[in-house]
Amino acid sequence: MRQKYTWKQRRRLSDPIEEHAAFGDTESKVALSGHPLHAMMVAFPISLAVCTLGADAMYWFSAEEFWPRVALWTSGLAFLIGIVAGATGTVELLIAPGIRIRSASWTHFILAVMLLSVLGLNWGFRLPDHVAAVLPFGLLISALAAVMTGITGWHGGKLVFDYRIGTQAGPEG
Ligand code: HEM
């Protein structure tokens, strides 16, 4: 015969923290002496994406052909270093049980993959003719990339500072 549970017992049975012993196992595994590689690397795509927008804006104001060349390099490096940073984050997401189980980690993953697609588009769009590509579409893609970088970066910070993802447990666990 099937055992009957009271509402209170059923609520306790579906408590994810009790069900998953490794819920608190959020410590970074892809790290150098305890410092997460992902956190160290994301500064580069973030700053390079903002620099690309800056270089496009400078070309709009000055018509100097130096700026589209800057934007070609910054957009390419933002994409390539972003891919490597994303790979370190993805390994972290898949191997750390306390990171993998939190829906916020997957939200960050989805935001980041959308961002990386836009960073790739921003670079690829400039490859055939990096000067002609800037106005208006290069500039518009750069503006979109900068906004998406802000959202993804803010959300990454939320993972660390609100959910303590990637951090070590204190002495009391
Ligand atoms: C592509 C897949 C990605 C995954 C799976 C991922 C996953 C993670 C994880 C698990 C953390 C928590 C810290 C850690 O364990 O290292 C984190 C933090 C963070 N992520 Fe990502 N991430 C990805 C891509 C990106 C990209 C492209 C950016 C660039 C905007 C980014 C920005 C951040 C930031 C700013 C933090 C907070 C770092 C800190 O303040 O310590 N992430 N990410």
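A crossing of two helices is called left-handed if the near helix is turned anticlockwise from the far one by less than a right angle. Keep that in mind as you explore this predicted model.

**Stop 1: a pair of helices.** Select residues 66-95, which form helix α5, and residues 103-126, which form helix α7. Their axes are 9 Å apart, and the helices pack at an angle of about 155°. Angles over 145 degrees count as roughly antiparallel, so α5 and α7 are roughly antiparallel to each other. Now look at how they cross: the crossing of α5 and α7 is left-handed.

**Stop 2: where the pair meets.** On the α5 side, show the contact residues, including A71, L72, F79 and L93. On the α7 side, add its partners, among them F109, L116, L119 and W123. Try colouring this contact of α5 with α7 by class: you will find eleven nonpolar, eight polar and one charged residues.

**Stop 3: one residue up close.** Centre the view on F79. Which residues does F79 touch, leaving out those up to four places away in sequence? They are L119, G120 and W123.

**Stop 4: the largest nonpolar core.** This core has 14 residues, and those touching the most other members are A49, A78, F79, L115, L116, L119 and A145. Select α4 (43-62) and α8 (134-161) as well, because these two helices, along with α5 and α7, each supply at least two residues of this core. Which helix gives the most to this core? It is α7, with five residues.

**Stop 5: a separate core.** Finally, select A55, A71, L72 and A133. They are among the seven residues of another core, which lies apart from the largest one.

Terms used. Residues numbered from 1 in each chain as written. Predicted model: local features only at pLDDT ≥ 70, side-chain atom pairs only at ≥ 80, totals over all residues. Axes fitted to C-alpha atoms, helices over the stretch in contact; angles between N-to-C directions. Helix = DSSP H or I, 4+ residues; strand = E, 2+ residues; numbered from the N terminus. Parallel < 35°, antiparallel > 145°, perpendicular 65-115°, else oblique. Contact = placed C-beta atoms within 7 Å. Nonpolar A, V, L, I, M, F, W, Y, C, P; charged D, E, K, R; others polar. Core = buried A, V, L, I, M, F, W, Y, C linked by C-beta atoms within 7 Å. Buried ≥ 20, exposed ≤ 12 C-beta atoms within 10 Å, placed from the backbone.
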